[in-house]
Amino acid sequence: MRPSILEYLQRHGWGLLANLVPTPGMVYTILLLVLAYGMVRRSRELQLDLPRLTTDRALESVLAAAVGAGIGTRLFYLLTSGAILRLDFITWFSPSTGTASWGAYLGGVLGLIAYARWRSLPPLRLLDAATSIAPLSEVIGRWSCFLAGDDFGRISNVPWAIRYPTESLAWKAHVARGEIERSALTSLPVHPVQFYLMVNAVVVLIIVTLVWRRWRRVPGVTTGAWLMAHGLTRFWWEFFRDPAAGGAESGLSVSQWTCIGFAGAGLAILLVQRRARLQQNQTSASAV
């Protein structure tokens, strides 16, 4: 999609604007900087409770999460797609091999937990700080998906449907299914799933921000709220994803089952924390 955008701008005399269209790599660089800034802000909000979470350690935690996300996004794709059995070991690390955002979330969480253990920080408190800004990764990161043309939606005639250019992933999928001829200049119009997920992430960001502001002193509440909000809201948007881009041919897709897993994990965390608070209150009352 990015080459088509650049060509359009050049053709209409807006060549200077072409410099503002980022590459996928630039999008992820911007994302990393935004998340680093967000974690520094969150660390300052936790200074009274967690004086060990300094600015330097907040930045280190972002790096740990980024490393975990990088490994997780590739590994999740290899496992869920079965490519880990089809491809040789060297090809696992090829740029052309697919990735999955769910693996980035899972890998990022594991990276943060490992870092918290290393620095003797409470893992849940660190996860709360991270998950309070986690939706930003989708708000910004989905631009890379749009520019690369992946995660495209099902064929649609809605007014805001988009067409992808020749040799794009959507075009290839439509050609393979016999829905268009190889001479077609664009794909059929499809749902812009990337933008659906961006808007959804903004909603989730508002939810977890409100939870963070009220409940950040209670470990696990923000993390549980993010898991539930992200899982429950994203589940429905996955129905618009094309099967060639990870949508389900029938039943539920891998992403939707993962959504259910996220929501279930979030609910479990909230219930466990609620029970712990109730027991603590009962113990305090008995002591009085």
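Of the 288 residues in the protein, 44% are buried. The model examined here is a predicted one. Its secondary structure is easy to summarise: the protein has 11 helices and zero strands, and reading along the sequence gives the pattern α-α-α-α-α-α-α-α-α-α-α.

A good place to start on the outside of the protein is a nonpolar surface patch of about 490 Å². Five residues make this patch, namely Leu63, Val67, Ile71, Leu75 and Leu79. Leu75 belongs to helix H3, which covers residues 55-81. With a relative accessible area of 41%, Leu75 counts as partly exposed, because that class lies between the 20% limit for buried residues and the 50% limit for exposed ones.

Attention then turns to the open spaces of the model. Rolling a probe the size of a water molecule over the atoms reveals where empty space remains. The second largest pocket holds about 160 Å³ of space. Its lining draws at least two residues from each of four helices: H5 (101-118), H6 (123-131), H10 (221-237) and H11 (254-287). Leucines in this lining include Leu106, Leu124, Leu127 and Leu227, and Val109, Ala265 and Ile269 also take part. The aromatic side chains of Trp226 and Phe262 line the pocket as well, as do Thr131 and Thr223. Sorted by class, the lining of the second largest pocket comprises nine nonpolar and two polar residues, with no charged ones. The two threonines, Thr131 and Thr223, are the polar members of this lining, because residues that are neither nonpolar nor charged by class count as polar.

Terms used:
Residues numbered from 1 in each chain as written. Predicted model: local features only at pLDDT ≥ 70, side-chain atom pairs only at ≥ 80, totals over all residues. Heavy atoms only, no water. Patch = residues over 30% accessible without salt bridge, like charges linked within 9 Å, V, L, I, M, F, W, Y side chains within 5 Å. Areas by Shrake-Rupley, 256 points an atom, 1.4 Å probe, with all protein chains shown as cover. Salt bridge = Lys/Arg side-chain N within 4 Å of Asp/Glu carboxyl O. Buried < 20%, exposed > 50% of the residue type's maximum accessible area, 1.4 Å probe, protein only. 1 Å grid on protein atoms, 1.4 Å probe; cavity = no way out; pocket = protein on both sides within 12 Å on 5 of 7 lines; lining within 4 Å. Points joined across faces, edges and corners; volume = space filled by probe spheres on them.
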